[in-house]
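Student: I would like a close look at one part of this model, the helical region of the chain that carries a domain annotation. Please describe how that part is built and what it touches.

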Amino acid sequence: MSDTHAQTVSYVRDTMLPETSPPSSQVGAVRWLRENLFSSVTNALLTLISIYVVYYVISHIGPWMVGGIWDAGSLAECREIRNATLGTDASVACWAVLGDRWHQLLFGFYPSDLYWRPILALIVFGGGIAPIMFDKVPRKTLILSALAPFVCFWLLWGGSIWLPISAALGFVVGYIAYGLISKSLGSLAGMIAAIVLPLIYWLMISGPLYGALHNAAPIGIEFVESRAFGGFMLSVVIGLSAIVLSLPLGILLALARQSDLFIIKTSAVVFIEVIRGVPLIVWLFTAQLLLNYFLPPGTNFDLTLRVIIMVTLFASAYIAEVVRGGLAALPKGQYEGADSLGLSYWQSMQLIVLPQALKISIPGIVNTFIGLFKDTTLVVFIGLADPIGFSNLIRASTDWNGIYWELFIFIGAMFFLFCFSMGRYSLYLENKLQRENR
Amino acid sequence: MSAMTDPPKPAFRLSQLIYDTRYRSITIQVVAFALIAYGIWALVSNTIGNLADLGKDFDFGFLGQSAGYDINQMLIPYDNQDTHGRAALVGIANTLLVAVMGCVTALVIGVLAGVARLSKNWVVAKLMAVYVEGFRNIPLLLWILLIHAVVSEALPQPNAFRGADPSASMLLGDSVALTGRGFYFPRIGFTNSLSGTEAVAPREGYTAVASGGMDWLVILGVLAVSLVGIKLIRNRASRIQESTGVRPTTWYTQLGLLIIPTGIVLTVLGATIVTPYLKGFNFTEGMFLRSALVSLWVALSLYTGAFIAETVRAGILSVSKGQSEAAAALGMQPGRTMSLVILPQAMRVIIPPLISQFLNLTKNSSLALAVGYMDVRATLGGITIAQTGRELEGMLLLGAFYLTLSLVISGAMNIYNNSTKLMER
């Protein structure tokens, strides 16, 4: 058989062919295009439509943005410059409004010679939050985190330095009381003392102490009223205070809602559902119109503070639901394991349950924070001048009457920067805390 | 043998209230209850005291008084002589209208964008990522203002459509007019209406057509009966398929059942399409969507759509790849894999956050304030409060409305959740 076969073969190659490169449709950009953009007719159609949309948007907005006029004192001046250089038909942005009014968009009516104070406060806040956010920062800087709220408060509102110090002393009192009493009388008594003694201190002692210290050594910086706060500074102050305050409150509410104690559970459920069931804007109007009815006669405090309290309560209800999701997602074995080790409720929560539950709820928590930060724009409806409020004020001035898009784009870009970086941080945290292998 | 006796019971000591876990929970609850009761008592007594100081009382009687203000969009009949209560109802109807419209479009946009973001097509996926991130990271209020500015500033006013050589023209064969004042669409009118209100002639020399609520009820009733019929036909087909293995062809009976009865009713009622046309300085006839409604609707749909897109994406990603591989190994077609294997599992993940997005949309519709849309916050929580000075009562009713709405929806969601959740020990 093999003989006959061998005879029919007229030519046998005895050397290897050199390797040739794969066909051009199977490599590099062409292959990528074929696989990703033109794999089927529908796909190709979608690609073309998408590219057309992108082209349409860029070709309309691009020249308008790039050709924008930066150097003018009013919208009319902008138009004159445009008519002189580009002709009356051209449509270009008038970015000059940002150059003219950036200080209002960022700081509101805050005195311009004191701009360093909010900036420094932001830096101090960043320094305070860094050890919490990134574990590479040395642990000792956590003391800065504890001090940061008081320093920020003092820098923003100013006034006597003794006010934040006498307020902060309350926490020192609580800390010392817990340390001393829990050693001699047990941890429960220590905890009660750590709550009651600072309350007594704040109600009875801190006021006179502040007065005495202030009279003895009147050290302070210029006081700035909350009404001067505005623009992004106001959004950031409301947003960040509410974020910092709502997280612990939300965790407590979530624990209360998961609790076996009927009264605690019911009140937490009612609180959370009522807060979540009603839009924030209604709560803000409540803060503006109704809070005076609920408080003892004669008490009257600042609208900004009321808004911070309302936004905090609002956000804490949402955080509570997110954390509750995390608590529910934890396998029952974790709770049972903690119980079988003989840990007390707070120990098991602190050491076993919360670290895992919070890890699960990080994306939700950060989403809530992003939502909260965006929701700070609603304060414009109760008369606070946030960036959107200022965009209305700027438009109301004769110089800039009729300017829309430039302000909206600037405000949108600022919010995007803040919220997008928060979202990215949450992704970073998720990856860092990821324990399972996927 | 000594007699069996119970071990001596230790007497109850007061310290057990704190240190014994059996009693501690009672202690904590009593303390908590006392604190909460005190808080509520303080709140109520402060309110009573403050109201008395201001010389006000707590009375919902204002709801029966004449409102005296006009509302520019009414789904139920209303004029300014009607009561504040009716004005509130008009506002509620407007809120529900924009909420339902927004939920439907947001769902469509969200599902499309969520699926498109998972597409292998790089351009489409990136474009959707830009859309989702852009809307998720910029406040809704800004989007509402921006879209309102586009709608009311960039679109031509109705008078631009006038004259021999108008600067603006209607779309889709002179049937749709997009103006800065609002959008005009064709509507369906009935020449033989059952309960014709305001019969009008679309043009001179045409038969008068009316818009009737009764007619729509009849049409919807017939349609519902047809749908039940279709369901029965399908069930019968499934039964036959299960016993014989062959599914009878039913699509033409289904189609016929869907179209023919409704078609007959429409013909009997004399349904005609009424297109808007210019009359004087404005368009008349047709369906009119006020620009406030349009911009609120578009902004809410696009904004919530971005969130729904993420929900849908997460739902689809949550179904592990093994599921679709197993379905393929069983020899299932891709379409059936999607509908029988992936979607049922993805739905369990998608539905709860989806419902809460719908709730968010409904609550966010209170931002209507920014564009002057007359929703319940604007009527009951705005003008009524300003006119009667009843902040407390007005805000309570407003809060109660939103609260009831969300409790009803989230109650329904909980029932669904419990019926679909995986059983654990």
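Tutor: What follows goes from the annotated region to a helix pair, then to the domains and the contact with the other chain. The model is a predicted one. In UniProt, an unreviewed entry places the annotation "domain: ABC transmembrane type-1" on residues 232-426 of chain A. Over that stretch the chain is 81% helix and 0% strand, and its end C-alpha atoms are 22 Å apart.

One helix pair can be described in detail. Helix α13 of chain A spans residues 303-329 and helix α15 of chain A spans residues 345-375. Their axes come within 8 Å and cross at roughly 145°, and the crossing of α13(A) with α15(A) is right-handed. On the α13(A) side the contact includes A:Val311, A:Ala315, A:Tyr318, A:Ile319 and A:Val322, as well as the glycines A:Gly325 and A:Gly326. Among the residues they meet in α15(A) are A:Val353, A:Ala357, A:Leu358, A:Ile360, A:Ser361, A:Gly364 and A:Thr368. Taken by class, the contact of α13(A) with α15(A) has 14 nonpolar residues, five polar ones and no charged ones.

The domain assignment cuts chain A into three: domain 1 (29-97), domain 2 (101-110 + 226-437) and domain 3 (160-221). The C-alpha centres of domain 1 and domain 2 of chain A are 36 Å apart. Where these two domains touch, domain 1 of chain A gives seven residues and domain 2 of chain A gives 10. The domain 1 side of that contact consists of five nonpolar and two polar residues, with no charged residues.

Helix α15(A) also takes part in the contact between the chains. That contact draws 49 residues from chain A and 49 residues from chain B. On the chain A side, the elements giving two or more residues are α3 (41-66), α11 (262-277), α12 (280-294), α15 and α17 (405-433). The largest share, nine residues, comes from α12(A). By class, the side of chain A that touches chain B has 34 nonpolar, 12 polar and three charged residues.

To sum up the helix pair, α13(A) and α15(A) cross in a right-handed way, and no charged residue takes part in their contact. Of the two, α15(A) is listed among the elements that give two or more residues to the side touching chain B.

Technical notes
Residues are numbered from 1 along each chain as its sequence is written. Chains are lettered from A and ligands numbered from 1 in the order in which they are written. This is a predicted model: local features need pLDDT of at least 70, side-chain atom pairs count only at pLDDT 80 or more; totals for chains, interfaces and linings use all residues. Axes are lines fitted to C-alpha atoms, for helices over the stretch in contact, and angles run from 0 to 180 degrees between N-to-C directions. Helices (H or I, at least four residues) and strands (E, at least two) are DSSP runs, numbered from the N terminus. A crossing is left-handed if the near helix is turned anticlockwise from the far one by less than a right angle, and right-handed if clockwise. Ala, Val, Leu, Ile, Met, Phe, Trp, Tyr, Cys and Pro count as nonpolar, Asp, Glu, Lys and Arg as charged, and the others, Gly among them, as polar. UniProt positions are given in the numbering used here, feature names are shortened, and annotations may be inferred rather than shown by experiment. Domain bounds come from an automatic or database domain assignment.
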